[in-house]
Amino acid sequence: MILAFHPGTQMLGMKITDPFPHLSQIVIQVFCFFLFEDFYHYWAHRAFHWSILYKYIHKVHHEFTAPFGLAPEYAHPLEPSLLAMGPFGGPLIWITCTGDLHVITVLIWMAGRLLQAVDSHSGYDFPWSMHHWNPIWSGSDHHDYHHQFFVNNYASSFRIWDHIFGTDAKYKAYREKQAAAKANDAKKSN
């Protein structure tokens, strides 16, 4: 898919020379790509937790209950092949519908998506993580729960799909229980 993406998008009219797109155009397109990828990833990832697919494909990725930055790439070969339609699908649909896409936008999108995948699997809640200022961003604490318990929190970038479809209810209850325990401990120490 990687090898076919660049020539395929060029045949559809992707620009590879200047002028570069305006920053606002890049931001809009990358945001749309994140939304598309997140929606696609949510449903594909949720399907991977169906018994047969989990047992023979997705369980490889869940070998680590405490994920690390490169864990997104540790998977059965079929998994990244199927999940790749998320990152590649957005730009392909965009250029097919609009005929307007620049390679710089694609490179920024791919870098952003890769950084998001590493961040969500890093195991660290960095102070600069986007979820500290963007409440719908998932972050590592959201995805760590998924690796710890193997359920819920299927989306990759945003929490909205898990919220809409109720697949974050156990996560929310778990976090509320942790917060209550922490508050109780604080009362005891005073």
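Helices, at least four residues long, and strands, at least two, are DSSP runs numbered from the N terminus. The exercises below concern a predicted model.

**Exercise 1. Overall architecture**

Determine how many helices and strands the protein has, and describe its overall dimensions and burial.

*Solution.*
1. Counting the runs gives nine helices and zero strands.
2. Written along the sequence, the pattern is accordingly α-α-α-α-α-α-α-α-α.
3. The C-alpha trace spans about 65 × 40 × 30 Å along its principal axes.
4. Of the 190 residues, 41% count as buried.
5. Among contacts between residues at least 6 apart in sequence, 61% join residues at least 24 apart.

**Exercise 2. The pair α1 and α5**

Classify the orientation of helix α1 (residues 2-11) relative to α5, and characterise their contact.

*Solution.*
1. The two helices pack at an angle of about 15 degrees, and their axes are 11 Å apart.
2. Angles under 35 degrees count as roughly parallel; α1 is therefore roughly parallel to α5.
3. The handedness of this crossing is left-handed.
4. On the α1 side the contact involves I2, F5 and T9, which meet F88, P91, L92 and I95 of α5.
5. Sorted by class, the residues of this contact are six nonpolar, one polar and no charged.

**Exercise 3. The pair α2 and α6**

Classify the orientation of helix α2 (residues 23-48) relative to helix α6 (residues 103-120), and list the residues in contact.

*Solution.*
1. The packing angle is about 45 degrees, with the axes 10 Å apart.
2. An angle of this value lies outside the parallel, antiparallel and perpendicular ranges, so α2 and α6 are oblique to each other.
3. α2 passes α6 in a right-handed crossing.
4. From α2, the contact draws on I26, Q29, V30, F33, F34, E37 and H41; from α6, on I104, T105, I108, W109, G112, R113 and Q116.
5. These residues divide into seven nonpolar, five polar and two charged.

**Exercise 4. The largest nonpolar core**

Identify which residues of the largest nonpolar core touch the most other members, and which helices supply the core.

*Solution.*
1. The core has 15 residues, of which M14, V30, F34, L101, V106 and W109 touch the most other members.
2. At least two residues come from each of α2, α5 (85-98) and α6.
3. The largest share, four residues, is supplied by α2.
4. Leaving aside residues up to four places away in sequence, W109 touches V30, F33, F34, E37, P87 and P91.
5. As general background, nonpolar side chains tend to be buried together in soluble globular proteins.

Terms used. Residues numbered from 1 in each chain as written. Predicted model: local features only at pLDDT ≥ 70, side-chain atom pairs only at ≥ 80, totals over all residues. Heavy atoms only, no water. Axes fitted to C-alpha atoms, helices over the stretch in contact; angles between N-to-C directions. Parallel < 35°, antiparallel > 145°, perpendicular 65-115°, else oblique. Left-handed = near helix turned anticlockwise from the far one by under 90°. Contact = heavy atoms within 4.5 Å. Nonpolar A, V, L, I, M, F, W, Y, C, P; charged D, E, K, R; others polar. Core = buried A, V, L, I, M, F, W, Y, C linked by side-chain atoms within 4.5 Å. Buried < 20%, exposed > 50% of the residue type's maximum accessible area, 1.4 Å probe, protein only.
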